[in-house]
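Biologist: Got a minute to go through this one with me? I'd like to pick it apart piece by piece.

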Amino acid sequence: MSEVISQSPISPVVTFKPAPRVGFVSLGCPKALTDSELILTRLSAEGYQTSKTFEGADLVIVNTCGFIDDAVRESLDTIGEALAENGKVIVTGCLGAKTLEGGANLVRKMHPSVLAVTGPHATQEVMDAVHLNLPKPHDPFLDLVPNSFGIAGIKLTPRHYAYLKISEGCNHRCTFCIIPSMRGDLVSRPVGDVLGEARALFEGGVKELLVISQDTSAYGVDVKYRTGFWDGKPVKTRMLELVQALGEIAAPYGAWVRLHYVYPYPSVDEILPLMATGKVLPYLDVPLQHSHPDVLKRMKRPASGEKNLERISRWRELCPEIVIRSTFIAGFPGETEAEFQHLLDFMHEAKIDRAGCFAYSPVQGATANELPGMLPLEVREERRGRFMAVAEAISIQKLHQRIGATMQVLVDHAPALGRKGGTGRSYADAPEIDGVVKLLPPEKISKTFKVGEFTRARIVGVQGHDLVAVPV
Ligand code: SF4
């Protein structure tokens, strides 16, 4: 019997477009079932949702059985049904490994339009096929789950980088956001637990630790910055002390610490010296959302646009190499053309290195939907387009300034020990959301590089949002 499995995601995803949905049919024995569980766990951790029906899914995965004729027939029928009702189908499991006389793959022969076919125990191949055909939603807060790292548990990211979640929930009430209503107010994890997990991850081979939360700068507010303990020493539950300690723990492993979701509170200035001295990466992911004070007020955002501009220029004085990433919303309810122009002017002045922008989308349950002045979708989209044109020009201009520089690059892909080239990222590129460094084959025959290791590379060009470099 085939059954479409429906499963809630690990946590609800707040994005401005609905999370991609995957239909899943699991056939066969308990071993096949555990394969299905692994795939579903990965999907869920990456923010995909599952669909009860083929029609309601953006893509369908069929985990097949090839043990007896009946099972083969049932698997082939299920694939046919999924193709007819949905059209986008990935096949995995035992039947996926079956070949006909002459070596042709049985599933491909019977159903040539399937997107991909793998054998059993092929979670990574299945995920690769899903990513190719249905890009994953970005939400590092969800992308953090589980590789085994001792007390750090199971991580689903590649072995060389990991997300470290420092708190849950949020004390703000931004009008476009429903996270507080789903996850409640800020609850900071004990500082000793966070630091213990960080060390376990570095011990396990993590070379880049990505600190995440809903509001990293608010860490410890809920516990009044109480003093915790780690390694027998007192440490305050506060962003500065946490970041200082993370930098110290990372140093012997030569690992990177990258900060996400940092709000531009005055206290953030204190961590800039740590960036300037290389204790943590000079990279800040600061979700600004807008620049105009009135829009920010309607959004109920902390901090006003003017202060943000001052703050950013102060950060650049304290640490000239800092890379700032941010996200914005265009076409928020009531946004006038003048307010939008203010945002474009802000971008020209603040020169945000990496910026993303959503056209406002009324997430169900968000109080902003009741604000007067909802703009037509065309206007919201058109403003998003204009914003992105400015943001991309700034970003590309900044990338061009790197030509000729030699940068440290963490290698993400390196077939044949890098002899054919590969890809990696510099301090300026967070995984999944920023560009990459495309590594050319090294000029020196003796030079090799491996996934999860650092290499130095000379920047020789720019390709879209990516740098092109020669390993040295
Ligand atoms: S700061 Fe605002 S946008 Fe971010 S989680 Fe809290 S309420 Fe939502």
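Modeller: Sure, and keep in mind that this is a predicted model. Let's start with histidine 260, which touches Leu210, Val211, Ile212, Thr216, Tyr283, Asp285, Ala430 and Ile433, leaving out residues up to four places away in sequence.

Biologist: Is histidine 260 buried or exposed?

Modeller: The cut-off for buried is under 20% relative accessible area. Histidine 260 comes in at 1% relative accessibility, so it counts as buried.

Biologist: And where is histidine 260 found?

Modeller: Strand E12 covers 256–259 and helix H8 covers 272–276. Histidine 260 sits in the loop between strand E12 and helix H8.

Biologist: Which helix gives the most to the largest nonpolar core?

Modeller: That core has 57 residues, and those with the most contacts inside it are Ile271, Leu284, Phe328, Ile352 and Phe387. With eight residues, the top contributor is the helix spanning residues 239–250, helix H7.

Biologist: What is leucine 284 in contact with, leaving aside its neighbours within four places in sequence?

Modeller: Leucine 284 is on the list of residues with the most contacts inside the largest core. Its partners are Leu259, Val262, Val268, Ile271, Met275, Trp315, Ile322, Val323, Ile324 and Arg325.

Biologist: How many residues are in the second, separate core?

Modeller: Its members include Val409, Phe449, Ala469 and Ala430. Ala430 is also one of the residues that histidine 260 touches. The count for this second core is 21 residues.

Biologist: Zooming out, what share of the protein's residues is buried?

Modeller: The protein has twelve helices and 20 strands. Of its 472 residues, the buried share is 55%.

Key:
Residues are numbered from 1 along each chain as its sequence is written. This is a predicted model: local features need pLDDT of at least 70, side-chain atom pairs count only at pLDDT 80 or more; totals for chains, interfaces and linings use all residues. Side-chain values use heavy atoms; hydrogens and water are left out. Helices (H or I, at least four residues) and strands (E, at least two) are DSSP runs, numbered from the N terminus. Buried means under 20% relative accessible area, exposed over 50%, partly exposed in between (1.4 Å probe, protein chains only). Contact means heavy atoms within 4.5 Å. A nonpolar core is a set of buried Ala, Val, Leu, Ile, Met, Phe, Trp, Tyr and Cys residues joined through side-chain atoms within 4.5 Å.
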